[in-house]
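Student: I am new to this structure and would be grateful for a close look at a single part. Please describe the aromatic rings and their surroundings in one connected account.

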Amino acid sequence: MSGVHSMLTSFCPVICTSRMDESRGFYSRLFGFTTAHTTPWYTALVRPGERHHVLALLDHAHPALPESLRTPVRAVRLTLRVEDRAAVWERLAADGAVECGERRHGTIVDPNGVRIDIVTD
């Protein structure tokens with residue numbers, strides 16, 4: 001197969017935030033991300049393991065963004081697939097996670113209002 005997918009070496013969602021410290025703590029505490037690089041306006045978070053996961057946080061007011069985009073995130077939904085949702089859910093429930101009515105599905109919201117769905121097969 002040709003195209004970009006055959007050249008893709010990494011994928012890193014970036015959340016534009018007005019709550020850098022709170023967001024960094026949220027993803028570190030609940031999902032095991034560690035800080036790989038940080039400045040006052042940018043944080044790269046990684047979750048090491050067999051499957052390497054990366055998430056970045058960017059100060060929504062930083063001049064690296066075009067002026068028209070300098071707003072905190074407004075609508076993002078992340079889906080995290082886990083092997084044992086029950087075990088993960090037990091940790092998340094204390095932080096405000098809410099059931100969505102399905103046995104294999106739950107939702108928690110990050111400090112920016114990003115909806116994170118926790119699912120299992």
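**Aromatic rings and their surroundings**

Tutor: Tyr 42 has a relative accessible area of 25% and is therefore partly exposed, since that class lies between the limits of 20% and 50%. The model is a predicted one. Trp 41 is likewise partly exposed, with a relative accessibility of 33%.

The aromatic pairs in the structure number five. One of them joins Tyr 27 and Phe 31, with 6.1 Å from centre to centre and 35° between the planes, a tilted arrangement. These two residues lie about one helical turn from each other, because they are four residues apart in helix α2, which covers residues 20–31. Both Tyr 27 and Phe 31 are buried. Trp 41 and Tyr 42 also pair: their ring centres are 6.0 Å apart and their planes meet at 50°, so this pair too is tilted. The term fits because an angle of 50° is neither under 30 degrees, as stacking would need, nor over 60, as an edge-to-face pair would need. Ring pairs also link Tyr 27 and Phe 31 with Phe 26 and Phe 33 in a cluster.

Helix α2 carries further residues of interest. Leu 30 belongs to this helix and is buried, with a relative accessibility of 3%. Its C-alpha atom lies 7.4 Å from that of Arg 91, although 61 residues separate the two along the chain. Ser 23 is another residue of helix α2. Its relative accessible area is 0%, so Ser 23 is buried. A polar contact of 3.4 Å connects the side chains of Ser 23 and Thr 17. When residues up to four places away in sequence are set aside, Ser 23 touches Thr 17, Leu 57, Pro 111 and Asn 112.

The account now turns to strand β3, residues 42–47, where Thr 43 is found. Thr 43 counts as buried because its relative accessibility is 0%. Its side chain takes part in a polar contact of 2.6 Å with the side chain of Arg 24. A polar contact of 3.1 Å joins the side chain of Thr 43 to that of Thr 38. Beyond neighbours within four places in sequence, the residues in contact with Thr 43 are Met 20, Arg 24, Thr 35, His 37, Thr 38, Leu 55, Ala 56 and Leu 57. Leu 57 is thus in contact with Thr 43 and is also touched by Ser 23.

Helix α2 has a place in the surroundings of a pocket as well. The largest pocket has a volume of about 1000 Å³. It is lined by 29 residues, of which Arg 47, His 53, Leu 80, Arg 81 and Val 82 are the closest to its centre. Two or more lining residues come from each of α2, β4 (53–59), β5 (77–81), α3 (85–93) and β8 (115–119). Strand β5 provides the largest share, four residues. Sorted by class, the lining of this pocket consists of 15 nonpolar, eight charged and six polar residues.

To return to the rings, the pair in helix α2 is made by the buried residues Tyr 27 and Phe 31, whereas Trp 41 and Tyr 42 are partly exposed.

Technical notes:
Residues numbered from 1 in each chain as written. Predicted model: local features only at pLDDT ≥ 70, side-chain atom pairs only at ≥ 80, totals over all residues. Heavy atoms only, no water. Phe/Tyr/Trp six-rings, centres within 6.5 Å; stacked < 30°, edge-to-face > 60°. Buried < 20%, exposed > 50% of the residue type's maximum accessible area, 1.4 Å probe, protein only. 1 Å grid on protein atoms, 1.4 Å probe; cavity = no way out; pocket = protein on both sides within 12 Å on 5 of 7 lines; lining within 4 Å. Points joined across faces, edges and corners; volume = space filled by probe spheres on them. Nonpolar A, V, L, I, M, F, W, Y, C, P; charged D, E, K, R; others polar. Polar contact = N/O pair within 3.5 Å; in protein donor to acceptor, adjacent residues only side chain to side chain. Contact = heavy atoms within 4.5 Å.
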